[in-house]
Amino acid sequence: MADMTSKALDGGWGWAIVVASFLAQLLAYGSPQSVGVLYPEWLHAFQEGKGVTAWVGSLVAGVGLIASPICSACVDNFGARPVTIFSGVMVAGGLMLSAFAPSVHFLIFSYGIVVGLGCGLVYAATLTITCQYFDKRRGLALGIVTTGTSVGAFIYATAQNELIVLYGLDGCLLIIGALALNLMACAGFMRPLNMPGYYLKQKAALERDTEEQLFEKPQLDDLKIGNGSTTSAQEKSLMAKELLIAIDGKDSAIQVEKRSSLLARLGIMKVIKKKKQAYSKYMHSMYEILQNQAMVAFCIAVFLFSLGAFPPVLFIEDVAQSQGLIEEVSVIPLVSIGAIATCVGKLVLGIMVDIRWINSIYLYAFTMFAGGAVLLLIPITKSYIGLQILCAVLGFFSGNWSITSYITTKIVGLDRLTQAHGIVMFFGGFGIMLGPPVVGWFFDWTQSYDMAFYFSGSSVLLGALVLSVLTLPCWKTKPSENDRPDVQYTSNCNKVASVA
């Protein structure tokens, strides 16, 4: 099996996996990443406050991140193909249900939670299967796959805008949902190299059931002697002897059953003790990770950046319309410009972080300073061209999301990557979920986006300041075992699934 796996790596069918995974991320994340085009339509259709309506876009982006451990566990147990098929049903079903949403609260469930969880499953499945098929070229393969979200946002922003003009909001969501069903076709290419955990457990259970059938107890009901029997004394004596033998066998079977029951209890107690020890060890490891000052600073920075930098994705089209800069969404929406810039930013920042003399933590802090400055400039921009330029710059620096795993590995080391990155993703998802509703509430309170974007820009700048100060060399921090991590940190597919 190892020979077959090694032959399959870095080529051949692996490139089909890359194409299928790229398309899967494009189809799943296309609509959620360009939800800013749908937001003004929902405001007009339901006449709800901007804060309440913003929960739709924030949940669809944040739920998948917060639920990433559950999504990773599903991929580990069932495999990438079944999970991708199920996620296709969730994403398509959520989008189609949203077309018939009677209120924003229903939309929060159908679009925010259902589609968000489906996207989280797709992300975990595509990264895991790509990791399994690539070794030396894994970084390139993962880079191609993850750009599917940005390309999808660029295409879907324009497509949804045109579909709304032609078929209305409901028709647009139905067509986008039907396109999402192609996720199941993408899943057909995800041929597993290793047997998923669920099938191994099923095989073990079948073997155990077969062994238990060999120790079935004999039934004594058929050996009972009736009172009205007309058999002879010799036959009765013979039947009595058989009955005594059967009773003796029954006693032995009871003793064996008691012993097996005792062993089963001991086995259960042993399993519970092992689980308790593993849980205690996991919690202790989490506690040690959070004792690292640089790690705490990075978590705070990611939270504040997500809190401030994500709302423009949702609100920027409504900002342009509310300020009278444009009457309706442009042919090339601002969301599309930001998505392409994010794609470029991911690639450029990924290349820069590999340069030895560049500190990845300070590079991330610089992207936060620049992003915060752009957010502060949005309220004072009075032209549509100015907004386009600011969207491009903010999108470029938002590509820093691609180097979070690199920075996490540098801070805590390779051995704790899975747990530490899960903590970082939780903080990021929490910030993404809170950001748009907070900005929407600011608008409902002041009837202007100015205070909202001043708050967002200040949050990002504060996060950059915290990260810069708490990671200065003057602080006594424990040196990491992996001072120079490279793409080898993705060698464990389970870690990649958790990172997803």
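Helices α2 and α9 cross in a right-handed sense. Welcome to a predicted model, in which this crossing makes a good place to start looking. From there we can follow α9 to its packing against α15, which is left-handed, and then visit a few buried residues and the cysteines.

**The α2/α9 crossing**

- Helix α2 covers residues 13-33 and helix α9 covers residues 148-180; their axes lie 6 Å apart and meet at an angle of about 60°.
- The two helices, α2 and α9, are therefore oblique to each other.
- On the α2 side, the residues that meet α9 are F22, Q25, L26, L27, Y29, G30, S31 and Q33.
- On the α9 side, the partners are G148, T149, V151, G152, A153, I155, Y156, Q160, I176 and L179.

**T126, a neighbour of Q25**

- Q25, one of the α2 residues in that crossing, also has a polar contact of 3.0 Å, side chain to side chain, with T126.
- T126 belongs to helix α7, which spans residues 104-133.
- Is T126 buried or exposed? With a relative accessible area of 0%, T126 is buried.
- A polar atom of the T126 side chain also sits 2.8 Å from the backbone oxygen of V122.
- Setting aside residues up to four places away in sequence, T126 touches S21, A24, Q25, V145 and M190.

**The α9/α15 packing**

- Helix α9 also packs with α15, at an angle of about 165° and with the axes 8 Å apart.
- That angle makes α9 roughly antiparallel to α15.
- From α9, the contact takes in T149, S150, A153, F154, A157 and T158.
- From α15, it takes in V335, S336, A339, I340, T342, C343 and K346.
- T149 and A153 are worth a second look: both are listed for α9 where it meets α2, and both are listed again where α9 meets α15.

**S336 within that packing**

- S336 is found in α15, the helix of residues 334-352.
- Its relative accessible area is 0%, so S336 counts as buried.
- Which backbone oxygen does the side chain of S336 reach? The side chain of S336 reaches that of F154, at 3.1 Å.
- Beyond its neighbours within four places in sequence, S336 is in contact with A153, F154, A157 and T158, and these four residues appear on the α9 side of the packing with α15.

**A464 and a long-range pairing**

- A464 sits in helix α20, which runs over residues 450-470.
- A464 is buried, at a relative accessible area of 0%.
- A464 and F369 are 95 residues apart in sequence, yet their C-alpha atoms are 5.9 Å apart in space.
- Once neighbours within four places in sequence are left aside, the contacts of A464 are A365, M368 and F369.

**Cysteines**

- How many disulfides does the structure hold? The structure holds 0 disulfides.
- As a reminder, a disulfide is a covalent bond between the sulfur atoms of two cysteines.
- C74 has 23% relative accessibility, so C74 counts as partly exposed.
- C299 has 2% relative accessibility, so C299 counts as buried.
- C343 is one of the α15 residues in the contact with α9.

Methods. Residues are numbered from 1 along each chain as its sequence is written. This is a predicted model: local features need pLDDT of at least 70, side-chain atom pairs count only at pLDDT 80 or more; totals for chains, interfaces and linings use all residues. Side-chain values use heavy atoms; hydrogens and water are left out. A disulfide is a pair of cysteine sulfur atoms within 2.5 Å. Buried means under 20% relative accessible area, exposed over 50%, partly exposed in between (1.4 Å probe, protein chains only). A polar contact is a pair of N or O atoms within 3.5 Å; within protein, one must be able to donate a hydrogen and the other to accept it, and residues adjacent in sequence count only if both atoms are side-chain atoms. Contact means heavy atoms within 4.5 Å. Axes are lines fitted to C-alpha atoms, for helices over the stretch in contact, and angles run from 0 to 180 degrees between N-to-C directions. Angles under 35 degrees count as roughly parallel, over 145 as roughly antiparallel, 65 to 115 as roughly perpendicular and the rest as oblique. A crossing is left-handed if the near helix is turned anticlockwise from the far one by less than a right angle, and right-handed if clockwise.
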